[in-house]
Amino acid sequence: LEALLWPEGRPLDPRIGLDREELQRIEAMADGLITHPLTGAWFNPEQTHYRLHNEIVISGPSAGGTLIKGRLDRLLIDHERKRVTILELKTTLSAAPEDVARMAANLQLDLQASWYHHLVSQAFSSSYTIEVVFVAIEKQPPYGIGLYRASEAMLANGAQKMALALDRHCAAQATGVWPSYPAVIQSLQLPAWAQWR
């Protein structure tokens, strides 16, 4: 079938590989993480207790009993201090506090933080302190890094969103009616930046 569809050979998907420039940028970002005074201890594979493949998929019940899951970038466990730190790596154009706050609002990072906090709290005894730290790294040189702990207010805001999302999910599952777009034909407009000038 492929020979019939593509007599000249199957077309290559240009999105599969990284070009040299993009690979160099990613390697420079990784070097920045490894050499940073704080993140170096978290992301440097030469550290004594470093786990190479540390991305974790975790699941458990929500407060209402619905099974939920999350995929955490990195988890730091300090049994001595009874502390668990959830690290979430975010690439950004600017790691300045106001820009990361804007990104957090746009990407619903409060919901993500609360979701992950809930899952991890189920895996550890209540004597453990759990925190969520966002590691924001800039995509361009000098690859600045900003570290931001999710505040109690941010977690509380995310918990409200989480409760609402789970309520809506359970209601849709029970009724078989899932939220969707209106069943009407709408007029489509190009965004202002795409208008002919």
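**A first look around the model**

Hi everyone, let's start with one residue: Tyr143 counts as buried, because its relative accessible area is 15%, under the 20% cut-off. Please keep in mind that this is a predicted model.

Where along the chain does Tyr143 sit? You'll find Tyr143 in the loop between β5 and β6. Its phi is near 60 degrees, a positive value, and the residue is not a glycine. That deserves a second glance, because most residues other than glycine have a negative phi, and most peptide bonds are trans.

The loop between β5 and β6, which is residues 145–149 for β6, also holds Pro142. The peptide bond leading from Pro141 to Pro142 is cis, with omega near 10 degrees.

There is another positive phi to show you, at Gln108, again near 60 degrees and again in a residue other than glycine. Gln108 is in the loop between α4 and α5. Is Gln108 buried or partly exposed? With 34% relative accessibility, Gln108 counts as partly exposed.

Now let's go inside. In soluble globular proteins, nonpolar side chains tend to be buried together. Here, the largest nonpolar core has 27 residues, and the members touching the most other members are Ile86 and Val120. Several elements each supply at least two residues of this core: β2 (67–72), β4 (83–92), α4 (97–106), α5 (109–123), β5 (129–138) and α6 (152–175). Which of them gives the most? That would be α5, with six residues.

Val120 has contacts further along the chain: leaving aside residues up to four places away in sequence, Val120 touches Ile58, Leu72, Leu75, Val84, Ile86 and Ile130. Another core, of nine residues, lies apart from this one, and Phe43, Leu87, Val135 and Ile137 are among its members.

Let's stay with α5 for a moment. Its buried residues include Leu109, Ala113, Trp115, Leu119 and Val120, and also Asp110, Gln112 and His118. How far apart are the end C-alpha atoms of α5? They are 21 Å apart, and this agrees with the 21 Å that 15 residues should span at 1.5 Å a residue.

Finally, back out to the surface. Leu18, Leu23 and Ile26 make up a nonpolar patch there, and together they have about 250 Å² of accessible area. Ile26 belongs to helix α2, residues 20–35. Because its relative accessibility is 38%, Ile26 counts as partly exposed.

That's my tour, thanks for listening!

Definitions and conventions
Residues numbered from 1 in each chain as written. Predicted model: local features only at pLDDT ≥ 70, side-chain atom pairs only at ≥ 80, totals over all residues. Heavy atoms only, no water. Core = buried A, V, L, I, M, F, W, Y, C linked by side-chain atoms within 4.5 Å. Buried < 20%, exposed > 50% of the residue type's maximum accessible area, 1.4 Å probe, protein only. Helix = DSSP H or I, 4+ residues; strand = E, 2+ residues; numbered from the N terminus. Contact = heavy atoms within 4.5 Å. Expected span 1.5 Å × (residues − 1). Patch = residues over 30% accessible without salt bridge, like charges linked within 9 Å, V, L, I, M, F, W, Y side chains within 5 Å. Areas by Shrake-Rupley, 256 points an atom, 1.4 Å probe, with all protein chains shown as cover. Salt bridge = Lys/Arg side-chain N within 4 Å of Asp/Glu carboxyl O.
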